[in-house]
Amino acid sequence: MMINYSLENAPLQKELYAEEVGNTAAFLASPLASAVTGATVYVDNGLNAMGVGVDSPAFGGLDIPKDK
C-alpha cells in the first residue's frame, strides 16, 4: 500500500530501487562525504517532504484515530 502511495505522491514519480539506497550508503562511507555530519539523508524520491494527512485515501480501512 505504501509503495503505491509513494509512486503516486512523491515528487519523483518513479520506482525506488535498492541500488539507489546502496549508492547513498556508499557515498556516505566514502571520502566524498567527509564533511557531512549530523544529517538525515532520505532516499525516497522526495516523499519525506510532502506530508501525509490521516484522512488520505491511502489509509482507508485502517483504524487511525482522528481528532473530532
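A patch here is built from residues with over 30% relative accessible area and no salt bridge, with nonpolar side chains joined within 5 Å. Keep that handy for the exercises below, and remember that you're working with a predicted model.

**Exercise 1. Get an overview of the chain: how many helices and strands are there, and what percentage of the residues count as buried?**

Step 1. Start with secondary structure: the chain has 2 helices and 0 strands.

Step 2. Move on to burial. Of the 68 residues, 16% count as buried.

Step 3. Look at the outside. About 5,500 Å² is exposed, and 57% of that comes from carbon and sulfur atoms.

Step 4. Finish with the contacts. Taking those with a separation of 6 or more, 60% join residues 24 or more positions apart.

**Exercise 2. Find which residues form a nonpolar patch on the surface, and work out why F27 passes the accessibility cut-off.**

Step 1. The patch consists of F27, L28, L32, V36 and V41, and together they have about 460 Å² of accessible area.

Step 2. Place F27: it sits in helix α2, which covers residues 18-28.

Step 3. Check the cut-off. F27 has a relative accessible area of 35%, and a patch residue needs over 30%, so F27 passes. In burial terms, F27 is partly exposed.

Step 4. Now look at A33, in the segment after α2. Leaving out residues up to four places away in sequence, A33 touches the patch members F27 and L28. A33 itself is buried, because its relative accessible area is 6% and the limit is under 20%.

**Exercise 3. Decide whether S6 is buried or partly exposed, then list its contacts beyond four places in sequence.**

Step 1. S6 belongs to helix α1, residues 2-9.

Step 2. Its relative accessible area is 19%. Buried means under 20%, so S6 is buried.

Step 3. With neighbours within four places set aside, S6 is in contact with D44 and L47.

**Exercise 4. Track down the salt bridge: which side chains meet in it, and how exposed are they?**

Step 1. The structure holds 1 salt bridge.

Step 2. The partners are K14 and E20, with an N to O distance of 2.6 Å. Side chains of opposite charge can pair when their charged atoms come close.

Step 3. K14 is partly exposed at 34% relative accessible area. E20 is partly exposed too, at 25%.

**Exercise 5. Describe N45: where is it, what does it touch, and what is its phi?**

Step 1. N45 lies in the segment after α2. At 9% relative accessible area, N45 is buried.

Step 2. Beyond four places in sequence, N45 touches A10, P11, L12, K14, E15 and L16.

Step 3. Zoom in on K14, the salt-bridge partner of E20. A polar atom of the N45 side chain lies 2.9 Å from the backbone oxygen of K14.

Step 4. Check the backbone. N45 isn't a glycine, yet its phi is positive, about 60 degrees. Most residues other than glycine have a negative phi.

Terms used. Residues are numbered from 1 along each chain as its sequence is written. This is a predicted model: local features need pLDDT of at least 70, side-chain atom pairs count only at pLDDT 80 or more; totals for chains, interfaces and linings use all residues. Side-chain values use heavy atoms; hydrogens and water are left out. Patches are made of residues with over 30% relative accessible area and no salt bridge: like charges are joined within 9 Å, nonpolar side chains (Val, Leu, Ile, Met, Phe, Trp, Tyr) within 5 Å. Accessible areas come from the Shrake-Rupley method with a 1.4 Å probe; for residues, only the protein chains shown count as cover. Helices (H or I, at least four residues) and strands (E, at least two) are DSSP runs, numbered from the N terminus. Buried means under 20% relative accessible area, exposed over 50%, partly exposed in between (1.4 Å probe, protein chains only). Contact means heavy atoms within 4.5 Å. A polar contact is a pair of N or O atoms within 3.5 Å; within protein, one must be able to donate a hydrogen and the other to accept it, and residues adjacent in sequence count only if both atoms are side-chain atoms.
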